[in-house]
Amino acid sequence: MTATHATHKILVVDDEEMIRMVMRTMFEEFGFNVVEAANGREGLEVFTRESPDIVFTDLQMPEMNGFTFISRLQQKSPYIPIIVISGTGSIQSAIEAIRLGAWDYITKPIESIEGLNIITRRVIERMRLISENTAYREHLEELVMQRTAELRDSEVRFRTLFESANDAIILFRGDRIISCNRKTQELFGCSLDDITGRTLLAFSPIKQPLGVLSEDLLKDRIKMALSGEPQFYEWRYTRRDGVFFDAEISLNRLELQGSPYLQAIMRDITERKKAERALLDNARIMRELEIAQEVQQSLLPAHPPELPRVLVACNCVPASSVGGDYYDFFSPGGQILDAVIADVAGHSFGSALLMIAARSVLQAKVHAEHSPGKLLAEVNDLLYEDLSRAELTLSMFYARLDIGTTTLVYANAGHTRPLLFRSRDGSFEELDADGLLMGVRKDVIFEENTTQMANGDILFLYTDGVTEAENADGLFFGDERLREVIAESCGQHPEEILTAIFRNLAAFIGDKDLSDDITITILKVIPAQ
């Protein structure tokens, strides 16, 4: 691949040599320079020595963990881009690291070179924007200093610029204000007499937003500016009416008639800070939603089971980042295949969490001696308190297929009735059994029913998001359209039937967003090989 970022150096900090080697290979393929460290302590040494542009770091490392490393790195270089490397089991830790100052998060194992490149390009783009912003500010400071020097010997010209500036401009002798323009008076809500003769500390709260005393910070800024080192920083002030506002300050030393002065150029950035916080909060929320979706999707079967005499296809499409639908397969023993499908009301975080709890209960309770009805009863009893507190209900259909005899035993907890397509005559049967929605009450008895499947028969399990998919005209996809698609595709593999259903759904709803999660599981009995 073409080396497009040869000037950027990346530091990879991870105690796993394999991870470092994989990332080095990927980054070098895109033209990056790579340096490595095996832990946080070593990472600080390499950072000081090599001055990398971007840092990728694990969280769980010997000698110095990732959290301490990030904190130390922030002290040394507050604006260095940091990307956390961690496993899916450390998601909360990764989120905490992002709150501490990390820019982004990737998971192990790192298998997608393109995904890693996308994250890195996104970081480089952000670095570019920050650099351009810094250059703009420096350019503005240079312009101000240049103009000040040009107007030093002309009081009239200087006063014209001074008073007409869109930014507040303040002139100091020592730490005392000796002059300011109209914009300064507008910002502080005070007259010129109220401002002159006082220090900026008089218009500052006791502590700045990070908790440091305003007095100590201001002394340091003034000292460095007087020594000839220009200062650029953000500061919180208090207006005369007690309302806080945030400002961007450029503090520089001036020589006027042979004497040292300080000039502060101040811009109100209160609204900009609010917008930045909103954007940051939104970015964090979106990232946490992405992580939650990754976790939830990882809990679904990675692929359909492969068994003699049965072909299987399945898919789940959430309406939002996280959903309340669930499906799974179990093999409790012998030639037995269990299939379950469920739907928690809504598609929020709460729905997703309760669905994960239902999955855990099923995995703990599934056994050949536990029939479908008994399993539903146990899940209902164990989840009743959680569902009741959350004011949610859970529907679930559980089917057990004996592959040897093709006998199907099933129970239903208020779920959408599955369809059984009969190949002998092309008819459909709705599979139902008495049983309440889970979360309504405890000690529910779930009826079990039995039916015989034949070669070519198709069992279709689905959630109501399929038939209730709505188009722009307010029409539902409906049961009749679903049956037509299944009947037309009945001679094909379940994967092709599934594709046909989603193709027809997409054509029906058009550009309209899904209003509910869509989950489908298809089982087809075929002759013994």
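Helix H2 spans residues 40-50 in this predicted model. Its buried residues are Gly40, Gly43, Leu44, Val46 and Phe47. These residues lie on the same side of H2, because they cover an arc of only 170 degrees around the axis. Four elements pack against the buried residues of H2. Three of these elements are strands: E1 (9-13), E2 (33-37) and E3 (54-58). The fourth is helix H3, which covers residues 66-76.

Both ends of H2 show local detail. At the N-terminal end, Asn39 acts as the cap of H2. A side-chain oxygen of Asn39 lies 3.1 Å from the backbone nitrogen of Arg41. Just after H2 comes Ser51, with a positive phi of about 50 degrees.

A hairpin is formed by strands E6 and E7. Strand E6 runs over residues 168-173, and strand E7 over residues 176-180. The two strands pair in the antiparallel sense, over four bridges. One of the bridges joins Ile170 to Cys180 in E7. Two residues sit between the strands. In this hairpin, Gly174 takes a positive phi near 70 degrees.

Further along the chain, an open sheet is built from five strands. Their order is E11-E20-E19-E16-E17, and the pairing is antiparallel. Strands E11 (310-317) and E17 (427-430) are the edges, so described because each pairs on one side only. Neighbouring strands of the sheet are turned by 15 degrees against each other on average, direction ignored. In general, strands of a sheet pair through backbone hydrogen bonds.

At one edge, E11 pairs with strand E20, residues 518-525. This antiparallel pairing extends over eight bridges. Within it, Val310 has Val525 of E20 as its bridge partner.

Helix H13, residues 478-488, lies across three strands of the sheet. These strands are E16 (419-422), E17 and E19 (458-462). H13 runs at about 40 degrees to E16.

Confidence was also examined. The protein chain averages a pLDDT of 84. A pLDDT of at least 70 is reached by 89% of the residues. Over residues 1-6, by contrast, the pLDDT is below 50. This stretch still has 13 contacts in the model beyond near neighbours in sequence.

Definitions and conventions
Residues are numbered from 1 along each chain as its sequence is written. This is a predicted model: local features need pLDDT of at least 70, side-chain atom pairs count only at pLDDT 80 or more; totals for chains, interfaces and linings use all residues. Side-chain values use heavy atoms; hydrogens and water are left out. pLDDT is the predictor's confidence in each residue, from 0 to 100. Contact means heavy atoms within 4.5 Å. Axes are lines fitted to C-alpha atoms, for helices over the stretch in contact, and angles run from 0 to 180 degrees between N-to-C directions. Buried means under 20% relative accessible area, exposed over 50%, partly exposed in between (1.4 Å probe, protein chains only). The arc is that of the directions from the helix axis to the C-beta atoms. A polar contact is a pair of N or O atoms within 3.5 Å; within protein, one must be able to donate a hydrogen and the other to accept it, and residues adjacent in sequence count only if both atoms are side-chain atoms.
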